[in-house]
Amino acid sequence: MQSETLETTKPVARTVPAVQPAPVQVADISPAGARRTPTIPRGTVVLAATPIGNTFDASARLAALMEQADIVAAEDTRRLYDLARRLGVHVNGRVVAFHDHNERSKSDGLLDEVETGACVLVVSDAGMPTINDPGLSIVRRAIERGLPVTCAPGPSAVLDALALSGLPTDRFCYEGFLPRKHAERVQRLRSLQSERRTIVFYETPHRIADSMDDLLSAFGPDRPMALARELTKDFEEIRRGGIGEIRQSVIDDPPRGEIVLVIGGASEDEALEASSSMLSVDELAVLAIDRALEDGLRIKDAIAEVIEEHPLPDGSLANRKQVYAAVLKIKQ
C-alpha cells in the first residue's frame with residue numbers, strides 16, 4: 001500500500017470569533033417545532049463528554065446537565081468551573097473531586113445519593129469519562145447495585161483522529177497510551193504485529209520520538225499511519241504517511257500538544273509472517289546453535305539474538321534459561 005504524501009499544512013485562519021461565546025441555550029426545537037429542553041434524569045449516573053479543545057463542541061445537553069445535576073463529579077473542579085464560565089452556565093449542584101486517586105473510595109457514596117433520586121453527573125477534563133479517564137469504578141458499582149447509568153455523548157479524540165486518518169474505520173482497536181518504559185512499549189507493539197484492525201494510541205510530546213523509533217522497529221517504515229495533534233483546536237494538524245515518514249517529521253518538527261496515533265492494520269502477508277514466527281523452546285535452541293556456529297558468537301549471545309527476533313504472541317520474550325537448557329540437552 002503506497003503511503004499518502006505527508007501533510008504538514010500550516011494552520012489556517014478560523015472563523016471562530018475571538019470574543020467569549022454567548023451563553024449556551026439549553027432549549028432546542030423538536031421536529032414538530034415545539035420548544036423543549038433536555039431532560040435531566042433523576043436517580044441516574046450520567047457520563048458526559050466535554051470538549052477536547054473547542055468550546056463550541058459542547059452540547060446543549062451537557063450545559064443543561066452542568067446547571068441542573070444534583071451532584072457533579074469532576075476530574076478537576078477548576079477545569080469544570082472554567083468550562084462553565086466559557087459556556088455561560090452556572091453549576092448549581094454540589095461539586096466533588098472525582099479522579100484516578102479517589103474514584104473507588106467515592107463511588108459508593110455517590111451511588112447512595114443516586115438511590116435517593118439524585119442525578120450524578122460525571123465529567124473528565126476532556127472527552128468521555130472512562131476512556132483513559134476516571135469513571136469506570138462508578139459504572140461498575142452502579143451495575144452491581146442495579147442503578148441506572150447513561151451517557152451524554154460528545155467529543156472523542158479517538159474517533160476524531162480515526163475519522164481524519166484516512167485509514168480503514170470499519171474495524172479498529174483502541175490501545176490507550178503507549179507504555180512509558182521502553183521494554184514494555186516494545187512488548188506491547190510486538191504483540192500487535194499481526195493485528196489486522198486499525199490501531200489507535202495516545203501519546204505525549206515528550207515520549208513521541210522514542211515511541212516513533214519503537215513503531216518503526218515493530219512495523220517497518222512503510223506501514224501507513226497518521227499523527228493527529230491538537231484536535232478541534234486552532235492549530236489542529238494531521239500528518240499522514242508511512243511510519244518512516246512520520247518519524248522523520250517528528251525529528252524535523254517535534255509535535256506539541258495532545259497526540260493521537262493511528263496505525264494501519266497488518267496486511268494478510270504481514271499477519272501471517274508475524275503469527276508464523278513463533279518458535280518453540282527447542283526450535284529456538286537449534287536456531288541459536290546454528291547462529292553461534294555461522295556467526296562465530298558465544299552461545300549465550302546467539303540465544304539472546306534469536307530470542308529477541310522471535311517474540312511470543314503476547315510480545316514477551318522466551319525464557320533464556322529454558323533455551324540455554326535446551327541447547328545443553330541437544331549438545332549432550
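**A five-stranded open sheet and the surroundings of Glu195**

In the predicted model, five strands form an open sheet with mixed pairing, arranged in the order β8-β9-β12-β10-β11. The edges of this sheet are occupied by β8 (172-177) and β11 (237-242); each has a single partner strand, so one side of each is left without a neighbour in the sheet. On average, and with direction ignored, neighbouring strands of the sheet are turned by 15 degrees against each other.

Within the sheet, strand β10, comprising residues 224-229, pairs with strand β12, comprising residues 259-263. The pairing is antiparallel and extends over five bridges. Arg229 has Ile259 of β12 as its bridge partner. A helix is also associated with this part of the sheet: α8, formed by residues 243-252, lies across β10, β11 and β12. Relative to β11, helix α8 runs at about 135 degrees.

A further region examined was the loop that lies between α6 (182-191) and β9 (198-203), in which Glu195 is placed. The relative accessible area of Glu195 is 16%, and this residue is therefore classed as buried, the cut-off being under 20%. Its side chain is joined to that of Arg197 by a polar contact of 2.8 Å. When residues up to four places away in sequence are not counted, Glu195 touches Cys173, Gly265 and Ala266. Of the strands described above, β8 spans residues 172-177, and Cys173, one of the residues touched by Glu195, falls within that range.

Key
Residues numbered from 1 in each chain as written. Predicted model: local features only at pLDDT ≥ 70, side-chain atom pairs only at ≥ 80, totals over all residues. Heavy atoms only, no water. Pairing = 2+ DSSP bridges. Helix = DSSP H or I, 4+ residues; strand = E, 2+ residues; numbered from the N terminus. Axes fitted to C-alpha atoms, helices over the stretch in contact; angles between N-to-C directions. Contact = heavy atoms within 4.5 Å. Buried < 20%, exposed > 50% of the residue type's maximum accessible area, 1.4 Å probe, protein only. Polar contact = N/O pair within 3.5 Å; in protein donor to acceptor, adjacent residues only side chain to side chain.
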